[in-house]
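Biologist: I am new to this one. Show it to me, and let me ask how you know what you say.

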Amino acid sequence: MSNHSNDLRETVRERYAAAAVQVTEGGTACCGPQAIEVDDNFGSTLYAADERDALLAEAVAASLGCGNPTAVADLHESDRVLDLGSGGGIDVLLSARRVGPTGKAYGLDMTEEMLALALANQQKAGATNVEFLKGTIEAIPLPANTTDVVISNCVINLSTDKPAVFTEMFRVLAPGGRIGISDVVADDQLGPDQRAERGDYVGCIAGALSFTEFREGLAAAGFTDIEVIPTHAVADGMHSATVRAVKPATPTDTAARTRADVASSGACCGGGGC
């Protein structure tokens with residue numbers, strides 16, 4: 001990894017560590033933790049009121065995402081779910097409730113402070129079908145074919161190696177598994193510099209892929225049935241979007257359908273051409 005990529009990762013880690021500390025320290029106040037300050041396009045307001053009310057205040061307060069991936073993923077009883085960049089655990093705890101005692105919800109985060117907050121929230125919630133893991137989304141610490149669903153909430157933007165993230169998601173999913181993601185996506189006509197002008201990296205804006213780049217990246221990793229659908233604007237030419245895709249049930253399906261998806265995109269190697 002380049003020094004620039006390492007610097008960006010450390011910037012992201014520091015921002016989310018500070019957010020976890022803010023929530024934890026807020027928990028000592030008489031009225032409970034205060035939500036991290038974000039605008040209406042991000043945070044816990046994007047969840048239904050009954051979902052927020054059913055969770056610990058600390059998990060809700062630590063929410064920094066741009067959507068509700070547990071709704072996007074259409075979770076079922078007994079599903080094994082992995083949340084990339086799980087933060088304070090809001091999506092992991094929601095997933096655990098939906099998959100039930102026969103299912104499992106994993107949360108993956110690289111930030112010690114967020115993991116400590118998530119573990120505390122898990123214990124307070126009494127969630128026994130939850131496990132939090134330390135690691136990066138570019139090198140997921142799980143064996144291949146061990147999850148049914150991968151979710152994330154405005155986290156893939158933060159990665160400096162998105163092809164590795166897509167490859168790792170595909171690897172850990174069992175055949176027939178699926179992704180249900182909320183992320184920030186840029187209009188195709190916006191170049192990297194224009195995306196960077198619209199917000200900082202840790203604000204989930206500067207690192208956004210375009211719609212075409214997102215579809216092509218997932219197809220190159222082997223995913224099929226790819227959908228990238230905008231839900232609301234977060235800046236000029238930048239959108240919160242829901243992303244769905246499937247890992248084919250057989251290797252033959254993977255090879256054939258990946259070639260078809262890349263061909264239908266009209267480009268061979270990403271939004272910038274060859």
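Modeller: Start with the largest nonpolar core, in a model that is predicted. This core has 32 residues. Those with the most contacts inside it are Leu82, Leu84, Met169, Ile179, Phe214, Leu218 and Phe223.

Biologist: What makes a set of residues a nonpolar core?

Modeller: The residues must be buried and nonpolar, and joined through side-chain atoms within 4.5 Å. The set of 32 residues meets that, so it is called a core.

Biologist: Which elements each supply at least two residues of this core?

Modeller: Helix H7, helix H9 and the strands S1 (80-84), S2 (104-109), S5 (173-186), S7 (224-235) and S8 (238-246). There is also a second, separate core of nine residues. Ala96, Ala105, Val130 and Phe132 are among its members.

Biologist: What does Met169 touch, leaving out residues up to four places away in sequence?

Modeller: Met169 touches Leu84, Ile140, Val150, Ile156, Ile179, Ile181, Leu218 and Phe223. Touching here means heavy atoms within 4.5 Å.

Biologist: Why is H7 described as largely enclosed by the rest of the structure?

Modeller: Count the buried residues. Eight of the 11 residues of H7 are buried, so the helix is largely enclosed. The buried ones are Lys162, Ala164, Val165, Phe166, Glu168, Met169, Phe170 and Val172.

Biologist: Why is Ala219 called buried?

Modeller: The cut-off is under 20% relative accessible area. Ala219 has 1%, so it counts as buried. Ala219 lies in helix H9. The C-alpha atoms of Ala219 and Phe166 are 9.1 Å apart, although the two residues are 53 places apart along the chain.

Biologist: Why is Asn145 called partly exposed?

Modeller: Partly exposed lies between buried, under 20%, and exposed, over 50%. Asn145 has a relative accessible area of 39%, so it is partly exposed. Asn145 sits in the loop between strand S3 (130-134) and strand S4 (147-153).

Biologist: What is notable about phi of Asn145?

Modeller: Phi of Asn145 is near 60°. That is a positive value in a residue other than glycine.

Biologist: And how do you know what to call Asp225, buried, partly exposed or exposed?

Modeller: Use the cut-offs of 20% and 50% again. Asp225 is at 41% relative accessibility, so it counts as partly exposed. Asp225 lies in strand S7. Phi of Asp225 is near 50°, again a positive value in a residue other than glycine.

Biologist: Now the largest pocket. What is its volume?

Modeller: About 330 Å³. The lining has 20 residues, and the closest to the centre are Lys162, Pro163, Gly207, Leu209 and Glu213. Helix H7 (162-172), helix H8 (192-197) and helix H9 (211-221) each give two or more residues to the lining.

Biologist: Which element gives the largest share of the lining of the largest pocket?

Modeller: H9, with five residues.

Biologist: How do the residues of that lining divide?

Modeller: Into 10 nonpolar, five polar and five charged. Gly counts as polar, so Gly207 goes with the polar ones.

Biologist: Step back to the chain. How many helices and strands are there?

Modeller: The chain has 10 helices and eight strands. Of its 274 residues, 53% count as buried.

Biologist: How much of the contact between residues at least 6 apart in sequence joins residues at least 24 apart?

Modeller: 72% of those contacts do.

Biologist: What is the accessible surface of the chain?

Modeller: About 11,700 Å², of which 52% belongs to carbon and sulfur atoms.

Terms used. Residues are numbered from 1 along each chain as its sequence is written. This is a predicted model: local features need pLDDT of at least 70, side-chain atom pairs count only at pLDDT 80 or more; totals for chains, interfaces and linings use all residues. Side-chain values use heavy atoms; hydrogens and water are left out. On a 1 Å grid over the protein atoms alone, a cavity is a set of points where a 1.4 Å probe fits but cannot get out, and a pocket is an open set with protein on both sides within 12 Å along at least five of seven lines; lining residues have an atom within 4 Å of a point. Grid points are joined across faces, edges and corners, and a volume is the space filled by probe spheres set on the points. Helices (H or I, at least four residues) and strands (E, at least two) are DSSP runs, numbered from the N terminus. Buried means under 20% relative accessible area, exposed over 50%, partly exposed in between (1.4 Å probe, protein chains only). Accessible areas come from the Shrake-Rupley method with a 1.4 Å probe; for residues, only the protein chains shown count as cover.
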